[in-house]
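Here is a short tour of a structure, written for a newcomer. Keep the sequence and the 3D view open while you read.

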Amino acid sequence: MLRVQQVTKRYSNHLAVDRVSFEMPDNAIMGLLGPNGAGKSTLLRMITTITMPDSGQIFFDGEPLARHHISEIGYMPEERGLYKKMKVGEHLIFLARLKGLSPAEARKAVRAWMEKFGILDWWNKKIQELSKGMQQKIQFIATVVHRPKLLIFDEPFSGLDPINTNLIKDEILQLHREGTGVIFSTHRMEQVEELCDYVVLINEGHNILEGRVQDIKEAHKKHIFEINYTGQIASTTLQRLDVVERQEGRLVVHLPHDTSGNTLLRTIVNEPIEIISFREIYPSFNEIFIDLVEEKVAS
Amino acid sequence: MNWDKVKLIIGREYLTRVRNKTFILGTILTPIGIVLLSVISGLIMSHQGNESYKIAVRDEAGALEAFLKDSKRFDFEFPSLPKDSLIAGVKTGRWDGLLVVPALDSLTATEVRLKYYTDRRMGLDLSEALKDKIAGAFRQYKLAGLHLDESVLKRLNTSISIDPEPVGKQRRNYSEWTEGVAAAIGGAMGFFMYMVVFIYGMMVMRSAMEEKTSRIVEVIMTGVKPFELMLGKLLGVGAVGLTQLAIWIVLIIVFSLVGSVAMGHSMTGQIDPEVMRQIQTSSAVQANVTKIMQELSNINWWLILPMFLFYFLGGFFLYAALFIAVGSAVGDDVGESQSLTLPIVLPVIIAIYIMFSVLRDPNTDLAVWASIFPLFSPIVMPARLPYDPPSWQIAASALALIVGVWFFVWLAARIYRVGILMYGKKATYKELLKWLRQS
């Protein structure tokens, strides 16, 4: 769906994005993850044709990215504003028409979304009369109203209350089920990792990791297992294990690379305990990211 | 360039402004404000104090006592006291000053130096008035002494009025009112242009600053190019200006029609006979009004009005482009915007000063070149138009303005496209130059 190839962007004297490449699979939910200042927003501005790369190329659906693709992209920037003096209805129609909808299409689509969110009675309210949470709903509608093939959210949940977060998350997932590709760009990796099936990790303008979430977690797993149980495990047994963490009824164990979870189970199954759950703990993207950055510093 | 999107931006800029209550109020109140302002400034300019000066005169020539008469501002006394006690009288406040008139060498002396002892100094106007008064008294004194007849002398004065007559292929005759009417119309148009540049320039600048600080621009930019947005804003606000201008022109026409109808009524005597008599007694005024009306109808409106419209649009686009560039560069930093608007405000102020000098003499080198130079011409040329400048100058000025608008819009676009998306960076002149060079 989206292919970024050796893209570089330089701002006066610092390199914001340095030869970044990745390929987003069709109909994926992709996380563009990295700390603040990693170059995510710069990258998004190029994908949304707001700015042009200094070198490198971006392909959308196999074609070199061009202005006419913007009608197929919906972008919700991190810093989002609206014209305070405009009325909700005409503001949304204005933004929809900027994305190429005809007046009639725009009106119909805006009405449909407002109805869906139960806010049709805001039509003639001025933006400045709305609360922050209400304005965020308007922002979201503005992003999706033209039925784009690719939705891009920069720090999507920052400043959202939990109810709006869930509402918008559900709507995004619904759109994804209907075939829309989604990019979440955020430094709050834990916020999106359970939503994404594909991630690109960015640090200091470089792309440091890319791949399917499951593959990455598999590759970076540390053979750590968690057992929840009732009863007591004999201390002689515990001494034979590499215990990472131990609480009442919970044990976290690190296993050597050549042993599997089954070996651990066999070791404790004869103890006078009842096992409630047993699972391998995969690292979070935060941990993977920190490991990768540290590795790089070390090398 | 996607014109559909530009039109969309124009529509938004235009409608949100025109539908606004402040637009409607501003359109109606501005003319009232201008009238009030000119009345008030007229009153202030013509205001005179009424405190009077009590002056003791020691007339050593014995020349003035019979001729120096009291006036509204001056009370003269001729006490026969020695000089020292007169000065003491000034010190104690009995008189405001002591005027010592020396004895005259002869009746035909042309220069007399008087001494005035005082601690209460007069302003420039008042001391001129005093000098005039004393000179007048001396004149009377000399006339009497030389046995001259005042009425004979009066015949030596000749009142001159110059009635210019055209010699070329000019279409019309001139009268003694031509220059005055031209100055009034030229001055009004020049001053109007000056206000247009500031009011609408500032409007566009504020609007760009708002878009940048509210971050709406990031959302808009996914739909349009920076240049399309900038152009849409300039054209939209320009259309607002045109609308306002059109409303004012309609108002002027309506009022002058109503005025002339009322006047027509008074002519046919259907109005209060008292007023009628006043009009008849002031037949000189009446004649002048007719002459001014004649002059107004003689003015080449078919040239002036379209050209005025042209300079209105040209001046607006040129300066609004500069203002919008500054607005995009500074965002919400008010202090920064002030230092960056200075180089834009400066030529406007210089232009208005040149315009005032043009009204006094419309054909100096300065007037000609300033009315061609595009940063000045939108203000200076309208002021020159009623004086029938040569057509080559109008053509050169128009051409230069078109090139100027093109150049400054191009310049502004290069700053705008970088500035509007740039946050957290101080917009210094050095930085702006860097943006200009960026491809």
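In chain A of this predicted model, four strands make an open sheet in the order β12-β13-β11-β14, and the pairing is antiparallel. Helices (H or I, at least four residues) and strands (E, at least two) are DSSP runs, numbered from the N terminus. Two strands pair if DSSP finds at least two bridges between them. The edges belong to β12 (242–247) and β14 (273–281) of chain A; each has a single partner strand, so one side of each is left without a neighbour in the sheet. On average, neighbouring strands here are turned by 20° against each other, direction ignored. Such angles run from 0 to 180 degrees between N-to-C directions, with axes as lines fitted to C-alpha atoms, for helices over the stretch in contact.

Take one pair from this sheet. β12(A) and strand β13 (residues 250–254) of chain A run antiparallel, joined by five bridges. Arg246(A) has Leu251(A) in β13(A) as its bridge partner. A helix also meets the sheet: α9 (residues 261–269) of chain A lies across β11 (224–231), β13 and β14 of chain A. Its direction is at about 20° to β11(A). Contact means that the C-beta atoms of two residues, placed from the backbone, lie within 7 Å.

Chain B has a sheet too. Four strands form an open sheet in the order β2-β1-β3-β4 (chain B), with mixed pairing. Its edge strands, β2 (74–77) and β4 (115–118) of chain B, each pair on one side only. The average turn between neighbouring strands is 25°, direction ignored. Strand β1 (residues 53–59) of chain B pairs with β2(B) in the parallel sense over four bridges. Opposite Ile55(B) stands Phe76(B) in β2(B).

| Sheet | Strand order | Pairing | Average turn between neighbours |
|---|---|---|---|
| Chain A | β12-β13-β11-β14 | antiparallel | 20° |
| Chain B | β2-β1-β3-β4 | mixed | 25° |

Now the whole of chain B. It holds 16 helices and four strands. Its radius of gyration (over C-alpha atoms) is 31 Å, well over the 22 Å that the globule rule (2.2 Å times the number of residues to the power 0.38) gives for 439 residues, so chain B is more spread out than a compact globule. The C-alpha atoms of chain B fill a box of roughly 95 × 60 × 45 Å along the principal axes. An automatic or database assignment sets the domain bounds: domain 1 (53–154) and domain 2 (177–437) of chain B. Their C-alpha centres lie 53 Å apart.

Buried residues make up 30% of the 439 in chain B. A residue is buried if 20 or more other C-beta atoms, placed from the backbone, lie within 10 Å of its own. Helix α14 (residues 377–384) of chain B has eight of its eight residues buried, among them Ile379(B), Met381(B) and Arg384(B). The elements covering them include α6 (178–213), α11 (301–330) and α15 (391–419) of chain B.

Finally, the two chains touch. The contact takes 16 residues from chain B and 20 residues from chain A. On the chain B side, α7 (216–221) and α1 (3–18) each give two or more residues. α7(B) gives the most, with five residues.

Residues are numbered from 1 along each chain as its sequence is written, while chains are lettered from A and ligands numbered from 1 in the order in which they are written. In this predicted model, local features need pLDDT of at least 70 and side-chain atom pairs count only at pLDDT 80 or more, while totals for chains, interfaces and linings use all residues.

Methods:
A residue is buried if 20 or more other C-beta atoms lie within 10 Å of its own, exposed if 12 or fewer, and partly exposed in between; C-beta atoms are placed from the backbone.
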